[in-house]
Amino acid sequence: MRALKFILFVAIFALGLNGAEMSLRAKVSQMIMVGFNGASTKDAAFRAMLSDAGYERFGGVMLLGRNVTSKAQLKASIKAIKEKSPKIFIAIDEEGGNVSRMKDKSFDGPYPSAYEVASTLDIKSAYDLYSKMAINLKECGINLNFAPVVDLHDENSPIIAAKQRAFSEYASKVVIYADAFMDAFKEQGILTTLKHFPGHGSSKEDSHKNKS
């Protein structure tokens with residue numbers, strides 16, 4: 001019994017040594033996600049971001065259309081980022097339809113909007129479609145997607161309905177298709193994000209443009 005207690009003490013002590021308390025700076029930097037210009041390590045803004053990533057000044061990067069031209073290019077970009085910071089979040093805003101960064105044919109797209117998916121595909125077909133989307137992102141190194149949209153479709157909305165970003169005007173239908181989206185991405189090990197809260201769905205203006 002005494003030998004067992006000693007072994008447990010050594011094991012706990014070793015864990016304590018290996019799990020050193022994170023500094024405040026490290027904790028804060030993990031809460032910061034940045035965007036940047038450029039789609040190549042030759043771009044000055046891209047190189048500046050890589051330098052900051054190497055010093056762990058932020059915990060994630062957000063990739064937008066300006067950062068993506070093709071699947072091969074995206075793979076190379078993410079590889080360069082992860083070489084500087086292996087545990088970093090690599091996020092993208094990929095809903096399909098009008099809000100897509102995977103417009104190049106090398107991504108097996110283009111992908112339909114959420115409204116089109118829910119209007120034309122059954123749940124199994126929707127899951128298969130989103131699985132293909134998730135597989136393409138995983139192959140590039142993406143580990144976080146800011147989707148799906150769970151707002152309700154409202155014809156008066158210029159930012160959701162006009163771009164067909166919501167699955168349906170019915171909450172029950174939105175839940176079912178959003179689940180299919182999240183399940184497909186979870187299967188590939190990619191985190192998803194339900195949006196928007198409190199919601200764009202019933203907004204009569206585009207909050208990206210009107211800040212009042």
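# Exercises on a predicted protein model

The protein has an accessible surface of about 12,200 Å², and carbon and sulfur atoms contribute 58% of that area. The structure is a predicted model. The exercises below treat its general make-up, its helix packing, its aromatic pairs and its backbone geometry.

## Exercise 1. General make-up

Task: State how many helices and strands the protein has, and give their order from the N terminus.

Solution. Step 1: the inventory comprises seven helices and five strands. Step 2: read from the N terminus, these elements follow the order α-α-β-α-β-α-β-α-α-β-α-β. Step 3: the chain has 212 residues, of which 40% count as buried. Step 4: among the contacts with a separation of 6 or more, 74% are between residues 24 or more positions apart.

## Exercise 2. Helices α3 and α4

Task: Classify the mutual orientation of helices α3 and α4, and describe the residues at their contact.

Solution. Step 1: locate the elements; α3 covers residues 44–54 and α4 covers residues 71–84. Step 2: take the geometry; the two axes come within 8 Å and cross at roughly 30°. Step 3: apply the cut-off; angles under 35 degrees count as roughly parallel, and α3 and α4 are therefore roughly parallel to each other. Step 4: list the residues; α3 supplies F46, M49, L50, A53 and G54, which meet S77, A80, I81 and K84 of α4. Step 5: sort them by class; the contact of α3 with α4 has six nonpolar residues, two polar and one charged.

## Exercise 3. Helices α4 and α6

Task: Carry out the analysis for α4 and α6, giving the orientation and the classes of the residues in the contact.

Solution. Step 1: helix α6 spans residues 123–140, and its axis lies 8 Å from that of α4 at an angle of about 45°. Step 2: an angle that is not under 35, not over 145 and not in the range 65 to 115 degrees counts as oblique; α4 and α6 are therefore oblique to each other. Step 3: the contact involves K71, L74, K75 and I78 on the α4 side, and N136, E139 and C140 on the α6 side. Step 4: by class, three residues in the contact of α4 with α6 are nonpolar, one is polar and three are charged.

## Exercise 4. Aromatic pairs

Task: The structure holds four aromatic pairs. Classify the pair of F167 and Y177, then that of F181 and F185.

Solution. Step 1: a pair of aromatic rings is described by the distance of the centres and the angle of the planes. Step 2: for F167 and Y177 the centres are 5.9 Å apart, with 25° between the planes. Planes under 30 degrees apart count as stacked, so the pair of F167 and Y177 is stacked.

Step 3: place the two residues; F167 lies in the loop between β4 (144–145) and α7 (171–187), while Y177 lies in helix α7, ten residues apart from F167. Step 4: assess burial, for which the cut-off is under 20% relative accessible area. F167, at 2%, is buried, and Y177, at 7%, is buried.

Step 5: turn to F181 and F185, whose ring centres are 4.7 Å apart with the planes at 10°, so this pair is stacked. Step 6: F181 and F185 are four residues apart in helix α7 and are therefore separated by about one helical turn. Both F181 and F185 are buried. Step 7: F181 and F185 form one aromatic cluster together with Y130.

## Exercise 5. Backbone geometry

Task: Locate the cis peptide bonds of G109 and P110 and of K195 and H196, then the positive phi values of D108 and Q164.

Solution. Step 1: recall the background; most residues other than glycine have a negative phi, and most peptide bonds are trans. Step 2: G109 and P110 are joined by a cis peptide bond with omega of about 5°, and P110 sits in the loop between β3 (89–92) and α5 (114–120). Step 3: the bond that joins K195 and H196 is cis, with omega of about 10°; H196 belongs to the segment after β5 (191–192).

Step 4: D108 has a positive phi, near 65°. D108 is placed in the loop between β3 and α5 and is partly exposed, with a relative accessible area of 42%. Step 5: Q164 has a positive phi near 55°. Q164 lies in the loop between β4 and α7, where its relative accessible area of 34% makes it partly exposed.

Key
Residues numbered from 1 in each chain as written. Predicted model: local features only at pLDDT ≥ 70, side-chain atom pairs only at ≥ 80, totals over all residues. Heavy atoms only, no water. Buried < 20%, exposed > 50% of the residue type's maximum accessible area, 1.4 Å probe, protein only. Contact = heavy atoms within 4.5 Å. Areas by Shrake-Rupley, 256 points an atom, 1.4 Å probe, with all protein chains shown as cover. Axes fitted to C-alpha atoms, helices over the stretch in contact; angles between N-to-C directions. Nonpolar A, V, L, I, M, F, W, Y, C, P; charged D, E, K, R; others polar. Phe/Tyr/Trp six-rings, centres within 6.5 Å; stacked < 30°, edge-to-face > 60°.
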